[in-house]
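Reader: I would like to go through this chain with you. Please give me the terms along with the values.

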Amino acid sequence: MSKYLPLWPDQASTMAGQVDALFIYVLLVSGIMTALIFIAVTVLAIKYRRVPGRKAQQIEGSTFLEIGWSVLPFFVMITFFIWGAIIYFQERTPPADATEVYVVAKQWMWKIEHMEGQREINELHVPTGQNVKLIMTSQDVIHSFFIPAFRIKQDVLPGRYTTLWFKATVPGRYHLFCAEYCGTMHSGMGGDIVVMEPQDYAKWMAGGPFAPLQDTGKELFASLGCATCHRSDIQGRGPNLQGIYNKPVLLEDGRTVVADENYVRESILNPTAKIVSGYKPVMPTFQGIVSDEQLNALVAYVKSLSQPPVGTAGLQGQPAASAAQPQNTQVQ
Ligand SMILES: [Cu+2]
């Protein structure tokens, strides 16, 4: 589209075409509405202009007309909302099979951590045809992760995770912007999204010895002493963490919450915020002890206790095979 009509940025994700279609629809409908009103104003102004000898008449109005011109535009306009909501929910709901990538923003750079252990700064390499979920947090102020060619944008907040997902479709290099004013060098806080063919991506990913993120997390889990309380049997002072991810947790105060990424994060930084039913609030806080990167590794490890291994982006063409394997990592 943008090739023939260079009004739009590149379309390089599955979302881009949908967002543009809605945009064009809103533009057309608004244009038609505006034209109709404009024409009516002009025609009526001419038709009922002052003519010597013509006298104004009292008009009593028509309920039928009144209702008609309120209800019809309502149904036309509500289509904006419905179509918009459909796209919004799609953009907000990462597919279950998405590869996960952690993003840590700080003044003024983007730090990227792949599940495979590969790290980058101000660059994110992704393969085409693979759903990618970004799990993002900020070390300082609010930033916003914006990829115009993918038509996605999400604020990145200190103290919690926000997520974003996409499926890239066209290989190439696309702009990454920070879209939330974040200080002096805000305008320089950008980077590149490098979209590659799956086989090139696999080659890129293979280049270097690094430990998968959840393995780093597992080491931290042992070295920080988590493992002394969280054991795979019921002897520990803390709950067994196997299989808790994305499952409901009953809390001491009777509430039930889902153990998502933010819950695991909060459990580590602020353990007394939500006490698991049947346990004492003895877990120490790790606020200020673990960095955002270490926290990501710990979260990735806790998740890996419940999930088939993620980060299989490089294994295109042999998908389900490796992803379906049961996870048998043990908490020592
Ligand atoms: Cu920023």
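Author: What follows covers the overall shape, the domains and one domain contact. This is a predicted model: local features need pLDDT of at least 70, side-chain atom pairs count only at pLDDT 80 or more, and totals for chains, interfaces and linings use all residues. Residues are numbered from 1 along each chain as its sequence is written.

Reader: What does the secondary structure of the protein chain come to?

Author: The protein chain has eight helices and 12 strands. Both are DSSP runs, numbered from the N terminus: helices are H or I, at least four residues, and strands are E, at least two.

Reader: Why is the protein chain called more spread out than a compact globule?

Author: Its radius of gyration, taken over C-alpha atoms, is 27 Å. The globule rule (2.2 Å times the number of residues to the power 0.38) gives 20 Å for 332 residues. The value is well over that, so the protein chain is more spread out. The C-alpha atoms fill a box of roughly 100 × 50 × 45 Å, along the principal axes.

Reader: Which domains does the assignment give?

Author: Domain 1 (14–49 + 61–92), domain 2 (99–206) and domain 3 (213–323). The bounds come from an automatic or database domain assignment.

Reader: How do you know that domain 2 and domain 3 are in contact?

Author: Contact requires C-beta atoms, placed from the backbone, within 7 Å. By that test, 21 residues of domain 2 are in contact with 14 residues of domain 3.

Reader: Which elements give two or more residues to the domain 2 side?

Author: Strands S1 (99–106), S2 (109–114) and S5 (131–138), and helix H3 (198–206).

Terms used: Two residues are in contact if their C-beta atoms, placed from the backbone, lie within 7 Å.
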